[in-house]
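Hi,

Here is the structure I promised to pass on to you. Have a look at it first, and then read on for what turned up.

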Amino acid sequence: STERLPPHVVLLASPGAGHLIPLAELARRLVDHQGFAATLVTFTDLSSPEALSGVPACVATAALPPVPLDDLPAGTSMSTVLLELIRRSLPSLRALLRSVGAPLAALVPDFFCSAALPLAAELGVPGYVFMPSNLTALVVMRAAVELHDGVPPGEYRDLPDPLELPGGVSLCHADLPPSFQSSGEPVYAHLLEEGRRYRRADGFLVNTFYEVEPATVEEFKLAAKRGAFPPVFPVGPFVRPGTSSDEAAGASACLDWLDLQPTGSVVYVSFGSGGSLTVEQTAELAAGLEASGHRFLWVVRMPNLDGGNDGRDRDDDNPNPLAWLPDGFLERTADKGLAVAAWAPQVRVLSHPATAVFVSHCGWNSTLESVSAGVPMVAWPLYAEQRMNAVALVGSVGVALPLRPREADGVVARDEIAGAVKELMESAEKGRAVRRQAGDLQQAAARAWSPEGSSRRALEEVAATWKKATLGKVK
Ligand code: UDP
């Protein structure tokens, strides 16, 4: 009988490794700590095999069959394509939910798949939305929906500039995620649609922890009490453990090199899976690192060539990002730095004792990895929600120093880079305060998942309601 099988949680990941990795980690904890069975559902062809190979063995995976999208007009925005994909996949998700062969305990779509929530209601199980990012992102979403309460459908308004957030964080328009910057773009309408569905969620599981955004957690508690928003549970940080697949990619070169460096001496530089700099900006960064005089490990990605090729002769079939570094840079810095092409085993690099500072694009996974390792950051946001994250990390959270781009051309100049790195590595004032805060936050992150920790207890609380609901139905 199905009563003997553990209750089953189905989690739905929108495309993108940055969404899949933390959701897989949530699934693992539901299995390991709470005794659920879990299936992580993805969309065929849209999740990289690498990301899927990192899903823990105790979590089952399933891919929804592809759906035709070729009827969408050419030039349809990416957000429209994604939402349409999710909508058209709902019948196969329904079939999958009906076939799990055990009592269904909950459906957990991630933040971009809330169109699946009505299926939870239809099957009479709790529907909880997972936020791979932080509460600030959820506040912005909520603010947009509130702004459009009572506004006729099809009419859109821009968010206030600046947008005041709990905890005294003030977000100017340019710091909002681009999708929220212009109410005229199709993606804005889609996000509103998404955000309106959020109100019907039974709750939110968020990849953050109390000490990162305490004022926002409190604010959401009050909103839930008023019945103005579903309850929000900070259950993170979910940081992917450094895995053995790291070895495969030639990662040991980085770790071997770090082993040879003194404790707390290395500046790690990386812009995530999608961030790339212009050729000019790459040259400034190289000069800045060199001028700082500190050791560095730099993950160099292919430059973005919007600004034009500099005319050098390179092999386009074998793109080598290191070929775009300034002449002589690698030779001059050979005893101080290591530049690696495209990729480094970041979780291991950050937790290596030699690593002292992270020059980061402020992607949320990278941020949590840095925080969990106690490494202070130099915030260098590039796109998406990174600027918003940077504002909080520099401001209310206090674990990062900012970089100011030149007003004339938006380039971050070498002196600015060298200055921030030296401040964070050497200074007894600002740099020291940020280093200390990074240490404090690391301890708080570790506490969050200790036996009585806030995130662990929040997930236990949610799991208990799911189990109660399942029991009620099985009897
Ligand atoms: N990452 C890595 N090596 C690299 C670059 C990135 O292992 O050289 C991993 C990093 O540890 C993180 C993820 O890729 O888990 C990047 O996610 P994040 O949310 O920080 O940024 P995104 O890539 O989505 O912009």
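**A parallel sheet and a helix with two faces**

Thr42 has Ala63 of strand E3 as its bridge partner. Please keep in mind that this is a predicted model. Strand E2 (residues 37-43) and E3 run parallel, and 5 bridges join them. Helix H1 (residues 17-32) packs on the sheet, where it touches strands E1 (8-12) and E2. The direction of H1 makes about 165 degrees with that of E2.

How are the strands ordered in this open sheet of 4? The order is E3-E2-E1-E4, with parallel pairing. Strand E3 (60-64) and strand E4 (104-109) stand at the edges with a single partner strand each, so one side of each has no neighbour in the sheet. On average, neighbouring strands are turned by 20 degrees against each other, direction ignored.

Now to helix H7 (residues 214-225). At 1.5 Å a residue, its 12 residues should span 16 Å, and the end C-alpha atoms are 17 Å apart, which agrees.

Which residues of H7 are buried? They are Thr216, Val217 and Phe220. These residues cover an arc of only 105 degrees around the axis, which puts them on the same side of H7. In general, an α-helix has 3.6 residues a turn, so residues three or four places apart point the same way. Helix H5 (135-147) and strand E9 (232-234) are among the elements that cover the buried residues of H7. On the face turned away from that buried side, Leu222 and Lys225 are exposed. Just after H7, Gly227 takes a positive phi of about 75 degrees.

Enjoy exploring it!

Best wishes

Note on methods:
Residues are numbered from 1 along each chain as its sequence is written. This is a predicted model: local features need pLDDT of at least 70, side-chain atom pairs count only at pLDDT 80 or more; totals for chains, interfaces and linings use all residues. Two strands pair if DSSP finds at least two bridges between them. Axes are lines fitted to C-alpha atoms, for helices over the stretch in contact, and angles run from 0 to 180 degrees between N-to-C directions. Two residues are in contact if their C-beta atoms, placed from the backbone, lie within 7 Å. The expected span of a helix is 1.5 Å times one less than its number of residues. A residue is buried if 20 or more other C-beta atoms lie within 10 Å of its own, exposed if 12 or fewer, and partly exposed in between; C-beta atoms are placed from the backbone. The arc is that of the directions from the helix axis to the C-beta atoms.
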